[in-house]
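Visitor: I've got a chain to look at and a few questions about it. Could you walk me through it?

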Amino acid sequence: MDFIFILHLVLILIFTKIAGHLSVKLGQPSVLGELIAGVILGPAILGWVQQTSFIHEFSEIGVLVLMFIAGLETDLDQLRQNWKAALAVAVGGVILPFFGGYGAALSFGMENHHALFFGLLFCATSVSISVQTLKEMNQLSSKEGTTILGAAVVDDILVVILLAIMMSVLGTSGESVSIGSLIGKKVLFFGVIIAASIWVVPIVMKWFAKLKVTETVISGGIIIALAFSYFAEWMGIAGIIGAFAAGIAISQTEFKHTVESKLEPIAYSLFVPVFFVSIGLNVDFEGVGSQIGFIIVISVVGILTKLLGGALGARLTGFNGRSSFSIGAGMISRGEVALIIAGTGLAAGLLDPEYYTSLIIMVIVTTLVTPPLLKIMFSNKKEVKLENNR
C-alpha cells in the first residue's frame, strides 16, 4: 500500500506548527506562517508535497470545519444588528473590484469578454483566512468580525448570480443558465436552512445526545455541518456558507460549547493546517517571469479595490474610519472561492489559459497579505480604545 500521503501529512503538520510559531514570534498571526509553509513545501520551492486529490479533499474538510467553528462562535444578535452594514460592505466589495479588475484586464489588451470575467474574479471573497486571524485576536464576535462574516455570505450570493449571468451571455461552452431558476434556488436554500435550524437541528442534537455510545453530540454536530454544506453545494452556493449556517444553528442550542470544545482539537491539529498548506501548493513560479508586471498590477488592484470597496460600504453604514478599513481588510482574501470560479471560467472559455497561473498567484498574494493587514488594523483599534479610556 502506498503510504506517501502519510509522509505528506507528517511534513505538513511539522512545517505548519513551526512556521506558525515563528510567525507569532515575529508579531504576526500564526496563519500567515502556515500559508507560507504551503508555498515552501509545494512546487514553488521544495516540491516535497504536491496538490493531490487526497490533499484537496482533506483541505475541503478543513475549510468546512473552520467555517463551522466560525458559525458556532458568531453572535447571532450582533449579526442581525449589522445586516445593513454587511449588505453595504458586500455590494461595495463587488462593484469596485469588478470595475478595477475589468479596467486592469483591458489595459493589458484582453478581449472584452475575458476582461469582464476577470472583473468578476476580483469580486470573489473567501473569509476563511480572515476567520482564523480574527479568532486568534479574539475579534471574531466583534461588530467588525460579524459584519465581515455577514458580508461574505452576501458576496458569495452576488458573485454566483453574476457568474451565471456571464456564463449565459458570454460563455462558449454551450451551457444555458436560467437566472430566475438560479435566484429561486438561492431563496429556497435559505428558506430550508432557516427552517431546519429552527425546528430540525435542536431535535436532531437532542436525539443524538440520548444515544448510548461515545461522542454522540460532536458526531451529531459534524453530521449537520456536512449535510448543510452538501445541500449548499447542491443548490449552487459555496459549501462554506452551509457549514457556517450549521454552526450558527447549533450555537442556538444547549450543545454549542460541547461541540466547540470537542471539535477544535481535531480541527486545528489536523484538518485546518492541511487547508492552509493546500493554498500555498497552488503557487508555481515557472514561466511567470514574462508576466511579472501583470501580476504586480492585478495584485495591487485586487488588494486596494476590496479594501476600499468594503471600507466604503462600512463607512456609509456608520462605522468609523479605522473600523471601516478593518472590515475592508477582512474582505481582501480571494482564497478557494476565486480558484473555483477561475476553474469554471476556464472550462467555459471565459478565462484565457495564458493568464491562469498569474491569476492564481494574485489569489495567493491577496490571501497572504490579509492576516498581517488585519493584525495592523485591529492592533491600532485596540490602541485607540486604550487612549480613549485614559
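Visitor: Before anything else, what share of the contacts with a separation of 6 or more joins residues 24 or more positions apart?

Guide: Sure, with two caveats first. This is a predicted model, where local features need pLDDT of at least 70, side-chain atom pairs count only at pLDDT 80 or more, and totals for chains, interfaces and linings use all residues. Residues are numbered from 1 along each chain as its sequence is written, and side-chain values use heavy atoms, with hydrogens and water left out. Taking contact to mean heavy atoms within 4.5 Å, the share for residues 24 or more positions apart is 80%.

Visitor: How many helices and strands does the protein chain have?

Guide: Both are DSSP runs numbered from the N terminus, with helices being H or I over at least four residues and strands E over at least two. On that basis the protein chain has 16 helices and zero strands.

Visitor: What is the radius of gyration of the protein chain, next to the globule rule?

Guide: The radius is taken over C-alpha atoms, and the rule is 2.2 Å times the number of residues to the power 0.38. For 390 residues the rule gives 21 Å, and the protein chain comes close to that, so it is as compact as a globular protein of that length. Its radius of gyration is 20 Å.

Visitor: How many of the residues of α11 are buried?

Guide: Helix α11 covers residues 239-251 and reaches 19 Å from first C-alpha to last, close to the expected 18 Å; the expected span is 1.5 Å times one less than the number of residues. Buried means under 20% relative accessible area, exposed over 50%, and partly exposed in between (1.4 Å probe, protein chains only). Across the protein chain, 55% of the 390 residues are buried. α11 is largely enclosed by the rest of the structure, because its buried count is 13 of the 13.

Visitor: Is Asn138 buried or exposed?

Guide: Asn138 sits in the loop between α7 (128-136) and α8 (143-169). Its phi is positive, near 55 degrees. Most residues other than glycine have a negative phi. With a relative accessibility of 70%, Asn138 is exposed.

Visitor: And Glu215, what is its phi near?

Guide: Glu215 belongs to the loop between α9 (179-210) and α10 (216-234). At 42% relative accessibility, Glu215 counts as partly exposed. Its phi is positive in a residue other than glycine, near 50 degrees.

Visitor: Which residue follows α15?

Guide: Helix α15 takes in residues 335-348, and its end C-alpha atoms are 21 Å apart, in agreement with the 20 Å that its 14 residues should span. Its buried residues include Gly335, Val337, Leu339 and Ile341. After α15 comes a residue with a positive phi near 80 degrees, Gly349.

Visitor: How far apart in space are Leu134 and Ala115?

Guide: Leu134 lies in helix α7 and is buried, at 1% relative accessibility. Leaving out residues up to four places away in sequence, Leu134 touches Gln139, Leu140, Gly145, Ile148, Leu374 and Phe378. Ala115 is 19 residues from Leu134 in sequence, and their C-alpha atoms are 33 Å apart.

Visitor: What separates the C-alpha atoms of Leu162 and Leu120?

Guide: Leu162 is part of helix α8, and at 29% relative accessibility it counts as partly exposed. Setting aside neighbours within four places in sequence, Leu162 contacts Val94 and Leu120. Leu162 and Leu120 are 42 residues apart along the chain, and their C-alpha separation is 7.4 Å.
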